[in-house]
Amino acid sequence: MLHFNPIEMSVPEVHRLLVGGIGPRPIALVSTISNDGIFNLAPYSFFNTFGANPPMVAFSPARRGSNGTLKDTYNNLIETGECVIQSVTFDIVSQVSIASGEYPSDVDEFLKSGLTPIDSDIVKPKRVKESPFQMECILKQMINLGDKNASGNLALCEVVRFHVAEDVIVNGTIEPNLIDLVSRMSANYYCRASGDAIFQLEQPNVKIGIGLDQLPEAIRNSKFLTGYELGRLASIQKVPDEMQLENFVKQFKDEKPMLYENDKMAFQRYLRLKDLVKVIHFSLNIDSSEKNNCLTKSAKLAIELDQIDTAWLLLMLQS
Ligand SMILES: Cc1cc2nc3c(=O)[nH]c(=O)nc-3n(C[C@H](O)[C@H](O)[C@H](O)COP(=O)(O)O)c2cc1C
């Protein structure tokens with residue numbers, strides 16, 4: 001482990017640590033307007049939501065790292081008290097990146113990025129047509145966090161109108177693969193939140209898990225199970241009992257033997273194919289020192305396939 005004292009570091013070094021360790025960060029594409037009526041658009045990834053009643057979001061238009069001056073977004077917000085914040089999708093991210101260029105204050109980044117300004121319902125700043133998620137906002141509070149280069153400012157904004165594209169909503173929920181959001185990581189890295197990057201974990205609001213402290217020692221200290229896997233095992237409400245274990249073994253014994261090769265190479269192949277039934281058959285029937293190893297690998301596959309009870313039963317069969 002490396003240890004750092006921020007007081008002994010340069011500001012760019014501190015910034016590099018923060019943006020490397022805190023991520024992926026959602027990106028606010030912030031639209032404002034100056035008192036002179038010049039439109040402004042810029043991305044801000046020090047951004048999140050902080051409450052639903054009232055709906056609050058916050059982002060940080062920091063002082064410039066190079067000379068400590070304030071950004072146009074900050075100045076416009078102070079002048080007018082209004083902005084529109086939109087989510088950034090993969091489709092528009094390269095245009096958003098162009099909008100982040102340090103153009104002079106009288107340059108409209110809608111023109112530079114080619115993104116389309118459309119009227120808002122309540123506030124004066126324009127919305128970005130191409131973004132499927134837009135929030136009209138009123139500035140509630142601007143908190144200044146310092147007056148040096150790269151000092152932050154926290155703009156706390158209340159959302160007064162949401163605009164959401166119908167085609168990203170399924171059963172009332174915004175579907176991650178449809179909205180295809182991107183987020184910011186360290187250096188030039190972004191992260192696309194779709195496809196394999198997306199997974200689900202049931203929220204333990206009603207069904208509270210047993211917790212890692214209730215895992216048997218052998219499972220908790222296993223060299224072969226990751227923290228993620230232990231967490232999944234600890235998320236069940238009740239450890240399977242002996243009866244369930246007996247039924248499980250019986251079910252596999254009673255089933256007609258399937259046609260499959262019974263050697264170690266075949267086991268590896270079934271694992272790769274994620275064929276849990278064949279992997280379990282193999283593990284239950286192998287009569288050798290490899291049995292525990294096969295049961296663990298089968299349990300890992302069961303967790304990957306979201307079959308946590310099965311994973312427990314397999315681990316309970318270890319000797
Ligand atoms: C993806 C991305 C995220 C950014 N996040 C921030 C941020 O959180 N805070 C900040 O001050 N600047 C951030 N920037 C830099 C600003 O977008 C940049 O300084 C921009 O020129 C500010 O524009 P403005 O002066 O028109 O407000 C980010 C840039 C990119 C590309």
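Mentor: Helices (H or I, at least four residues) and strands (E, at least two) are DSSP runs, numbered from the N terminus. This is a predicted model in which local features need pLDDT of at least 70 and side-chain atom pairs 80 or more, while totals for chains, interfaces and linings use all residues. Residues are numbered from 1 along each chain as its sequence is written, and side-chain values use heavy atoms, with hydrogens and water left out.

Trainee: OK, so where does Pro54 lie?

Mentor: Look in the loop between strand S4 (47-52) and strand S5 (55-59). The protein has 12 helices and 14 strands.

Trainee: What makes the bond between Asn53 and Pro54 worth a look?

Mentor: That peptide bond is cis, with omega about 5°. Gly23 and Pro24 are joined by a cis bond too, with omega about -5°. Pro24 sits in the loop between helix H1 (11-21) and strand S1 (25-26). Most peptide bonds are trans, and most residues other than glycine have a negative phi.

Trainee: And what is phi of Asn171?

Mentor: Near 50°, a positive value in a residue that isn't glycine. You'll find Asn171 in the loop between strand S11 (169-170) and strand S12 (173-174).

Trainee: Over to the ligand. Which residues come nearest?

Mentor: Of the 20 around it, Tyr44, Ser45, Thr73, Ser100 and Glu102 do. A residue counts as near if one of its heavy atoms lies within 4 Å of the molecule.

Trainee: Why is the pair between the ligand and Thr73 called a polar contact?

Mentor: A polar contact needs a pair of N or O atoms within 3.5 Å. A ligand oxygen is 2.5 Å from an N or O atom in the Thr73 side chain, so that pair passes. A ligand oxygen is also 2.9 Å from a side-chain N or O atom of Lys71, and one is 2.9 Å from a polar backbone atom of Asp72.

Trainee: How much of the ligand does the protein bury?

Mentor: Alone, the ligand exposes 640 Å², and the protein buries 90% of that, by the Shrake-Rupley method with a 1.4 Å probe. Strand S3 (39-44) and helix H2 (72-80) are the elements giving two or more residues to the shell, and S3 gives the most, with four.

Trainee: How do you know that the protein isn't a compact globule?

Mentor: The rule is 2.2 Å times the number of residues to the power 0.38, using C-alpha atoms for the radius of gyration. A compact globule of 319 residues would come out near 20 Å, but this protein has 27 Å. Its C-alpha trace spans about 80 × 50 × 35 Å along the principal axes.

Notes:
A polar contact is a pair of N or O atoms within 3.5 Å; within protein, one must be able to donate a hydrogen and the other to accept it, and residues adjacent in sequence count only if both atoms are side-chain atoms.
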